[in-house]
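Here is a protein model to read through step by step. Please look over the sequence and the fold before going on.

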Amino acid sequence: MMSLMMSACLYMLCYTKRLTTRLVLRTSSGGVKYRGTVDVANLSDENDLDDLDISASLCKDQPNTPLLDLMRKKGVQEVRRVLGEYIRQVKSEFSQGMILPTATGPKPPQPQKPTHVQSSKAQISPAPKCSSSPAPCGTGVRISTCSFNLKETFQTSADELYRTFINQEFVQVFTRSAATVDGRRGGRFQLLGGNVSGEFTQLVPDLRIEMRWRFRTWPSEHYATIKLDLEDQGDETELTMECRGVPAGEEDSTREGWTRFYFQAIKQTFGY
């Protein structure tokens, strides 16, 4: 329970004096999950840990559960402890440019390289398919491209997973870096220190996300076409990714990047 909540807390602390993050309570016997939120209304380095106003609540559509009382009695203490550890860590790294939020307003940290993420268990296509008709890039030069598919299962609903990909706040949390995300059709995004950018070309809420996507080192103005299909399967969601137009020779790094810095990062951050 706590690992899900804490990873989201740690990064959002850098951006706002008021922290609201997702909460998932799960029974140990039947594995029943209850969704809710944890709110810290007065988060600031200028406030003592004992003075932090921490509250937990269930989403409106969730039934009552004794787990909420347990969270309020025991879980809140753990939230307070982990926030204290994080504040001490940020103080020790102050000389590296990390600025704590104060009563006069927060200052976002400089973009950082994502931390190492464990290897994915995603199902991948056995080999990339290279295009027989090279795609033109923005400079008018035609380049050879490849394609691949990925499949991953997340322990969450399709609507929550959909929001995770298109909501700027959530993207900043799981990438652990500043990001710009306009979650509308035609909206542009930039993340991971500007190394990744693109545009949403088609959005079907809770079902599909299509985008033009590129890595900074690719040929100028060349974008891959990516389609994410979400299939809600009750307690979990199956994501199928179709990626087309990756420059030849870049397919392995692109596949690994999506697996590590999107799929596994989301799972580790939100407990999906």
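The paragraphs below go from the overall makeup to the core, then to the charged residues and the cysteines.

The model is predicted. Its secondary structure comes to five helices and 14 strands. The protein has 272 residues, of which 44% count as buried. Contacts also reach across the sequence: among those between residues at least 6 apart, 55% join residues at least 24 apart.

A good place to start is the interior. The largest nonpolar core has 39 residues, and Phe165, Met241 and Trp258 touch the most other members. Helix H5 gives the most to this core, with six residues. A second, separate core has twelve residues, including Tyr34, Val38, Leu52 and Ile54.

Phe165 belongs to helix H3, where Ala158, Glu160, Leu161, Tyr162, Thr164 and Ile166 are buried along with Phe165. Because seven of the nine residues of H3 (residues 158–166) are buried, this helix is largely enclosed by the rest of the structure. What does Phe165 contact, leaving aside its neighbours within four places in sequence? The list consists of Val171, Phe200, Ile209, Leu228, Leu239, Trp258, Tyr262, Phe263 and Ile266.

One of these partners, Phe263, can be followed further. Phe263 is placed in helix H5. Its relative accessible area is 0%, so Phe263 is buried. Apart from neighbours within four places in sequence, Phe263 is in contact with Leu150, Glu152, Phe154, Phe165, Leu239, Met241 and Trp258. For Leu239, the separation along the chain is 24 residues, while the C-alpha atoms of Phe263 and Leu239 are separated by 9.6 Å.

Glu152, among the contacts of Phe263, leads to the charged residues. Side chains of opposite charge can pair when their charged atoms come close. A search of the whole structure finds eleven salt bridges. In one of them, the side chains of Glu152 and Lys267 meet at 2.6 Å, N to O. Glu152 lies in strand S8 (residues 145–154) and Lys267 in helix H5, so this pair ties together parts that are 115 residues apart in sequence. Glu152 counts as buried because its relative accessibility is 3%, where the cut-off for buried is under 20%.

Another salt bridge joins the side chains of Asp182 and Arg184, at 2.7 Å from N to O. How exposed are its two partners? Asp182, at 26% relative accessibility, counts as partly exposed. Arg184, at 56%, counts as exposed.

A further salt bridge is found between Asp252 and Arg255, whose closest N and O atoms are 3.0 Å apart. Both residues lie in helix H5, three residues apart, which is about one turn of the helix. An α-helix has 3.6 residues a turn, so residues three or four places apart point the same way. Arg255 has a relative accessible area of 10% and is therefore buried. Elsewhere in the list of charged residues, Arg188, Glu199 and Arg212 are joined into one network by salt bridges that share partners.

Not every buried charged residue has such a partner. Glu251 is found in helix H5, which spans residues 251–270. What is the nearest side chain of opposite charge to Glu251, and how far away is it? The nearest is Arg255, 6.6 Å away, and Glu251 is buried yet has no salt bridge. A polar atom of the side chain of Glu251 does lie 2.9 Å from the backbone nitrogen of Gly249.

Cysteines can be considered next. A disulfide is a covalent bond between the sulfur atoms of two cysteines. How many disulfides does a search of the whole structure find? The search finds zero. Cys146 is buried, with a relative accessible area of 2%, and Cys243 also counts as buried, at 0% relative accessibility.

The last stop is a loop. Asp50 is found between strand S2 (33–40) and strand S3 (54–58). With 67% relative accessibility, Asp50 counts as exposed. Asp50 and Arg80 are 30 residues apart in sequence, and their C-alpha atoms are 7.8 Å apart in space.

Methods: Residues are numbered from 1 along each chain as its sequence is written. This is a predicted model: local features need pLDDT of at least 70, side-chain atom pairs count only at pLDDT 80 or more; totals for chains, interfaces and linings use all residues. Side-chain values use heavy atoms; hydrogens and water are left out. Helices (H or I, at least four residues) and strands (E, at least two) are DSSP runs, numbered from the N terminus. Buried means under 20% relative accessible area, exposed over 50%, partly exposed in between (1.4 Å probe, protein chains only). Lys and Arg count as positive and Asp and Glu as negative; His and the chain ends are not counted. A salt bridge is a side-chain nitrogen of Lys or Arg within 4 Å of a carboxyl oxygen of Asp or Glu. A polar contact is a pair of N or O atoms within 3.5 Å; within protein, one must be able to donate a hydrogen and the other to accept it, and residues adjacent in sequence count only if both atoms are side-chain atoms. A nonpolar core is a set of buried Ala, Val, Leu, Ile, Met, Phe, Trp, Tyr and Cys residues joined through side-chain atoms within 4.5 Å. Contact means heavy atoms within 4.5 Å. A disulfide is a pair of cysteine sulfur atoms within 2.5 Å.
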